[in-house]
Amino acid sequence: MARARDPTGRNGVELLSDVSLRRPLVVRNNWSPDCVLCDRYYLTSYRRIIPFRNPTCYFIPYYKEGNKVSPNRGKLYDKYCNIKKEIRKISTQNINKPCNKQNEVFSNEEDILDSLVWLKHNIEPEFKLYQLWSETAHYRLSKHTIDNNDNLKYPALKKPTGHILINMDFDHLFPKKDQCLIQKFDIFKEKLKLYLKNKDINLNLNEQNLVKKILTPDILGDDDLAVIQLLPYLFKPVNIKVPKKSTTDGNVSKYLMRKPSKLEQASAVIVNITNVNDLKTTHERKIDRAFNCGLTVQPYVAIVGNQESNSNDTIGYYTVINDIYYKLETPIKALDTCFKSFHALNLQYPQEAEQIWWFIQDFFFKITDESKKKFIGVQCLIKDYWNQYRKLQHLL
């Protein structure tokens, strides 16, 4: 008589869940010909529940072939990860434990690396994406000092909702400061109106039209956009250092000082486009121009649409980072996302408009930085801004 085969594939007890009857079935060990009759019910039930179960659905090990990486997968591995997360939640060993940022040690680095592999190859489901993005924030942002722009390799940042991930990282870097620009902008706008009414400023025709929109907007919200467009023109351009190519071998050998125009300074912060189809073309032109000048194209805001008062076109607000175009709801949100991207992605402010971004960092976010450059134009504008406001308050 042939020996009966143990369907579990091992000597032990396996607990299965009967989905239809909602009760456990036990396949007993010590399988032998004597127990075939008494265990016929369990064997039949076992085959009825999982008749064609493939072992790979339970576990597929880590596999790497060239640049293609396949992380651990399967039901058993998911169960293992979930149990470890629950254990970490109830563990109090590392709560309020002081950390040394210079010699950072990640106790669960193996899990973090697994999460990073998932983030490099997946963009959904979103709840898991946001969970793993938050859990790996400290590790990813700490690596910025070693691997610059490391976050840009994650495909989730290229989604239309990728700006949410930038906001999450900024909140991790600067807790309780993620709403500073949005909360303070209306107050800044009203004080700026008083400043423009009582301060003699030499403005060209385009700048005068922006001031008119700020003081007497035709449509609700026009003054918000006009404030953002006028902001770069309130600063006098300063000299910047750009590399100069040698005429002998084409390598960078010297630096040349040049002063950008006000238009160049403003274009490094915000550009105006009539047709959305010209968005990519404009970006390519910016890259070509920056390459010829020895500069780089940093994140900027793009306003798309006809901004004339008699136009019925819908205006779109974008934050542009490399070849990524985030469409935002308002111009304030676009400016806010653009500013946060410099810090979340460890990018430098554009040289042509560096003082504008330093003003936003200092005035709205109150972020201190040891490497902060002191621009006389920024300090003077803030000083004049507050002096004009105090005079008006005193008169009232």
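A crossing of two helices is called left-handed if the near helix is turned anticlockwise from the far one by less than a right angle, and right-handed if the turn is clockwise. The exercises below apply this and related ideas to a predicted model.

**Exercise 1.** Describe how helices α3 and α4 are placed against each other, and state which residues form their contact.

*Solution.* Begin with the axes: those of α3 (residues 109-121) and α4 (residues 126-135) come within 10 Å and cross at roughly 135°. Angles over 145 degrees would count as roughly antiparallel and those from 65 to 115 as roughly perpendicular, and α3 and α4 are therefore oblique to each other. The hand of the crossing of α3 and α4, by the definition given at the start, is left-handed. Turning to the residues, α3 contributes Ser115, Trp118 and Leu119, which meet Lys128, Leu129, Leu132 and Trp133 of α4. By class, the residues of this contact comprise 5 nonpolar, 1 polar and 1 charged.

**Exercise 2.** Work out the strand order of the sheet that contains β8, and explain why β7 and β10 each have one side without a neighbour.

*Solution.* The sheet is open and made of 4 strands, in the order β7-β8-β9-β10, with mixed pairing. Because β7 (270-273) and β10 (324-328) stand at the edges and have a single partner strand each, one side of each is left without a neighbour in the sheet. On average, and with direction ignored, neighbouring strands here are turned by 25° against each other. Within the sheet, β8 (residues 300-304) and β9 (residues 316-321) run antiparallel and are joined by 5 bridges; Ile303 stands opposite Tyr317 in β9. Finally, helix α11 (residues 279-293) lies across β7, β8, β9 and β10, and runs at about 145° to β8.

**Exercise 3.** Decide whether Asp223 and Ile367 are buried or exposed, and list their contacts beyond four places in sequence.

*Solution.* Take Asp223, which is placed in helix α9 (residues 222-230). Its relative accessible area is 8%, and buried means under 20%, so Asp223 is buried. Apart from its neighbours within four places in sequence, Asp223 is in contact with Lys189, Lys193, Lys213, Ile214 and Pro217.

Ile367, by contrast in setting, belongs to the loop between α13 (354-365) and α14 (376-395). With a relative accessible area of 7%, Ile367 is buried. When residues up to four places away in sequence are not counted, Ile367 touches Phe170, Phe174, Lys177, Phe339 and Gln361. As for Lys177, 190 residues separate it from Ile367 in sequence, whereas the C-alpha to C-alpha separation in space is 8.8 Å.

How values were computed:
Residues are numbered from 1 along each chain as its sequence is written. This is a predicted model: local features need pLDDT of at least 70, side-chain atom pairs count only at pLDDT 80 or more; totals for chains, interfaces and linings use all residues. Side-chain values use heavy atoms; hydrogens and water are left out. Two strands pair if DSSP finds at least two bridges between them. Helices (H or I, at least four residues) and strands (E, at least two) are DSSP runs, numbered from the N terminus. Axes are lines fitted to C-alpha atoms, for helices over the stretch in contact, and angles run from 0 to 180 degrees between N-to-C directions. Contact means heavy atoms within 4.5 Å. Angles under 35 degrees count as roughly parallel, over 145 as roughly antiparallel, 65 to 115 as roughly perpendicular and the rest as oblique. Ala, Val, Leu, Ile, Met, Phe, Trp, Tyr, Cys and Pro count as nonpolar, Asp, Glu, Lys and Arg as charged, and the others, Gly among them, as polar. Buried means under 20% relative accessible area, exposed over 50%, partly exposed in between (1.4 Å probe, protein chains only).
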